[in-house]
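Me: Could you take a close look at one residue in this model for me, and then set it in the context of the rest of the chain? I'd enjoy a connected walk-through.

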Amino acid sequence: FKDRCRCCEVLSAMGVCMSSSLGPSCVGVLGATGQQGGAVLQALVAKGVSVVAITRNPSSEKAKALAGLSKVEVRQADLDDQKSLEAAFSGCDGAFVVANFWEGM
């Protein structure tokens with residue numbers, strides 16, 4: 001596994017099987033338009049996993065670019081709105097969650 005990227009190592013540590021069909025079929029990714037979430041999204045898609053890219057602003061240029069990728073669906077959610085998060089993660093059997101700890105402080 002020397003050629004695995006850091007994202008693959010992180011996903012493996014999270015229990016996401018990257019080399020077999022035993023892993024999740026659809027993963028919701030918070031922060032998909034950012035650096036960390038975006039890297040995870042790319043690693044998952046490269047392994048054939050469908051991804052729900054969850055963003056505050058699906059109209060942003062980054063979100064639109066993600067929407068054009070195969071196996072990616074962009075959904076809107078707000079971390080302060082539980083119902084929007086439930087809807088965004090609906091149908092996902094895995095999750096990658098990253099949030100801005102300092103936001104609102």
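Reply: Happy to! Let's start with the surroundings of Ala 63, bearing in mind that this is a predicted model. Leaving aside residues up to four places away in sequence, Ala 63 touches Thr 33, Thr 55, Asn 57, Pro 58 and Val 74. Ala 63 itself sits in helix H3, which covers residues 61-67. Is Ala 63 buried or exposed? Its relative accessible area is 1%, and because the cut-off for buried is under 20%, Ala 63 counts as buried. Ala 63 and Ala 32 are separated by 31 residues in sequence, yet their C-alpha atoms lie 8.0 Å apart in space.

Now to the chain as a whole. Of its 105 residues, 33% count as buried. The chain holds four helices and four strands, and from the N terminus the elements follow the order α-β-α-β-α-β-α-β. Among contacts between residues at least 6 apart in sequence, 49% join residues at least 24 apart. On the outside, the chain exposes about 6700 Å², with carbon and sulfur atoms supplying 52% of that area.

The largest pocket is worth a visit too. Its volume is about 480 Å³, and 20 residues line it, with Gly 31, Arg 56, Leu 79, Val 98 and Ala 99 nearest its centre. Helix H2 (35-46) and strand E2 (50-55) each supply at least two residues of this lining, and H2 gives the most, with three. By type, the lining of the largest pocket divides into eight nonpolar, eight polar and four charged residues.

Methods. Residues numbered from 1 in each chain as written. Predicted model: local features only at pLDDT ≥ 70, side-chain atom pairs only at ≥ 80, totals over all residues. Heavy atoms only, no water. Buried < 20%, exposed > 50% of the residue type's maximum accessible area, 1.4 Å probe, protein only. Contact = heavy atoms within 4.5 Å. 1 Å grid on protein atoms, 1.4 Å probe; cavity = no way out; pocket = protein on both sides within 12 Å on 5 of 7 lines; lining within 4 Å. Points joined across faces, edges and corners; volume = space filled by probe spheres on them. Nonpolar A, V, L, I, M, F, W, Y, C, P; charged D, E, K, R; others polar. Areas by Shrake-Rupley, 256 points an atom, 1.4 Å probe, with all protein chains shown as cover.
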